[in-house]
Amino acid sequence: MDLKVEGANVEEGLGWGNSLEVPSVQEIAKNVSEFVPEKYVQEQNERPIESVLSPDEISELPVIDFSLLVNGDEDELNKLDYACKEWGFLQIINHGVAEDVIRNMKAATASFFDLPVDEKNKYAMGDGLEGYGHAFVVSEEQKLDWGDIMFFITRPEEQRNMKKWPITLPGFKEAVEDYSTGILRVTEELMAKLSLLLGMEEKGLEKQHVLMRQSIRMSYYPPCPKPELVLGASPHSDGGSITLLLQSDDVVGLQIKRKGGWIPIKPIPNAFVINIADVLESWSNGLYKSIEHRAVANSKIARMSIATFIIPADEAEIRPVESMIQDRPRMYKDNIKYLDYLRHFFGMKSSGKVHTNFLKLESEY
């Protein structure tokens with residue numbers, strides 16, 4: 001893969017926008033035993049207890065045996081196509097990322113959030129989006145999510161801002177590097193299969209990225225005395241091409257929107273949850289759609305997750321690929337650069353799939 005780096009200097013930030021500084025939810029949770037601060041109490045129609053669940057759909061999220069898929073199994077390839085068309089979400093097992101690599105990454109995440117708040121604040125986002133804090137806070141009036149995040153670029157290495165990495169934390173850098181390497185291999189193999197399904201050559205989607213970048217978001221959702229009033233992460237779709245999520249093995253928190261209801265995704269130990277994101281929706285001309293999802297809190301135990309976002313170069317073009325408009329009407333715009341989309345994406349409160357309207361032709365709004 002060509003790792004030539006262009007664009008903003010890492011010392012100057014990503015140039016994607018910024019987020020207002022708000023207090024650590026982890027610290028707030030230590031000091032509340034009964035009441036939730038008003039800023040975190042969601043509007044009535046946004047509260048998880050008010051949302052319709054679909055228990056009959058829970059077990060149907062497709063599960064792909066990745067080892068079979070990469071070895072050319074047609075049934076698994078067809079299952080991948082079905083999952084992307086009908087769900088936008090799937091889980092993969094037997095992906096080849098070693099259990100000790102996953103275990104060490106989870107331990108590194110836990111060790112960071114276990115640091116004293118003053119120590120974590122040394123890596124605060126500040127004027128940008130990398131580091132410790134909260135994303136999508138654009139107004140003093142908006143409702144806030146019940147969770148904290150740590151976000152940073154992991155690949156290519158030249159774009160890492162090591163000032164935002166807690167490298168003095170024993171084993172942190174090594175755990176992230178090993179995990180990032182494993183995810184890169186899975187990503188390249190998955191992109192090759194998705195390229196074939198979209199009528200492209202195996203390197204087609206990788207080339208669309210211009211430079212296939214990788215970022216990681218570690219999320220911490222502390223226990224909440226009134227989980228029915230809050231959201232760990234507001235409903236949203238993701239702004240990259242695909243996302244690979246590592247969930248806690250024993251705590252259900254991720255929910256996806258399907259047929260008007262919210263479906264909890266039960267974790268499979270050491271599996272990755274894969275979801276289609278907004279860029280791939282555009283490249284596929286809507287054949288594969290990014291899906292709204294959210295995170296909920298609980299009253300008893302903290303939950304952590306590790307999301308890896310695959311993102312194009314800032315100058316990459318976000319428009320349907322040629323093979324997707326030969327037999328289908330064009331549904332998405334031409335001539336949108338990824339940087340322009342990112343600035344739009346991060347310039348608004350996280351709110352469902354409203355960001356994808358920026359990519360669509362007006363007739364498709």
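## Exercises on sheet and helices

Five bridges join S7 to strand S12 (residues 303-311), and the two strands run antiparallel. Strands pair if DSSP finds at least two bridges between them. Strands (E, at least two residues) and helices (H or I, at least four residues) are DSSP runs, numbered from the N terminus.

This is a predicted model, where local features need pLDDT of at least 70, side-chain atom pairs count only at pLDDT 80 or more, and totals for chains, interfaces and linings use all residues. Residues are numbered from 1 along each chain as its sequence is written, and side-chain values use heavy atoms, with hydrogens and water left out.

**Exercise 1.** Place S7 in its sheet: what is the order of the strands?

*Solution.*
- Step 1. Read the order: S1-S2-S10-S7-S12-S5-S4-S3. The sheet is open, has eight strands and shows mixed pairing.
- Step 2. Find the edges. Strand S1 (63-65) and strand S3 (131-133) each have a single partner strand, so one side of each lacks a neighbour in the sheet.
- Step 3. Add the twist. From one strand to the next, it averages 25 degrees.
- Step 4. Check the pairs of S7. Strand S7 (residues 242-246) runs antiparallel to strand S10 (residues 272-276), with four bridges between them. Leu244 has Ile274 of S10 as its bridge partner. Leu246 has Ile306 of S12.

**Exercise 2.** Decide whether the faces of S7 are covered or open.

*Solution.*
- Step 1. Fix the terms: buried is under 20% relative accessible area, exposed is over 50%, and partly exposed is in between (1.4 Å probe, protein chains only).
- Step 2. Count. Five of the five residues of S7 are buried.
- Step 3. Split by side. Ile242, Leu244 and Leu246 lie on one side, Thr243 and Leu245 on the other, and both faces are covered.

**Exercise 3.** Test the length of helix H6 (residues 172-197) against its expected span.

*Solution.*
- Step 1. Take the rule: 1.5 Å times one less than the number of residues.
- Step 2. Apply the rule. H6 has 26 residues, so the helix should span 38 Å.
- Step 3. Compare. The end C-alpha atoms are 37 Å apart, which agrees.
- Step 4. Look past the end. Gly199 follows H6 and has a positive phi, near 75 degrees.

**Exercise 4.** Describe how helix H3 (residues 74-86) meets H6.

*Solution.*
- Step 1. Choose the quantities. Two packed helices are described by the angle between their axes and the distance between the axes. Axes are lines fitted to C-alpha atoms, for helices over the stretch in contact, with angles from 0 to 180 degrees between N-to-C directions.
- Step 2. Read the values. The axes come within 10 Å and cross at roughly 80 degrees.
- Step 3. Name the angle. H3 is therefore roughly perpendicular to H6 (under 35 degrees is roughly parallel, over 145 roughly antiparallel, 65 to 115 roughly perpendicular, the rest oblique).
- Step 4. List the contact (heavy atoms within 4.5 Å). H3 gives Leu77, Leu80, Asp81 and Cys84, while H6 gives Leu190, Lys193, Leu194 and Leu197.
- Step 5. Sort by class. Six are nonpolar, none polar and two charged. Here Ala, Val, Leu, Ile, Met, Phe, Trp, Tyr, Cys and Pro count as nonpolar, Asp, Glu, Lys and Arg as charged, and the others, Gly among them, as polar.
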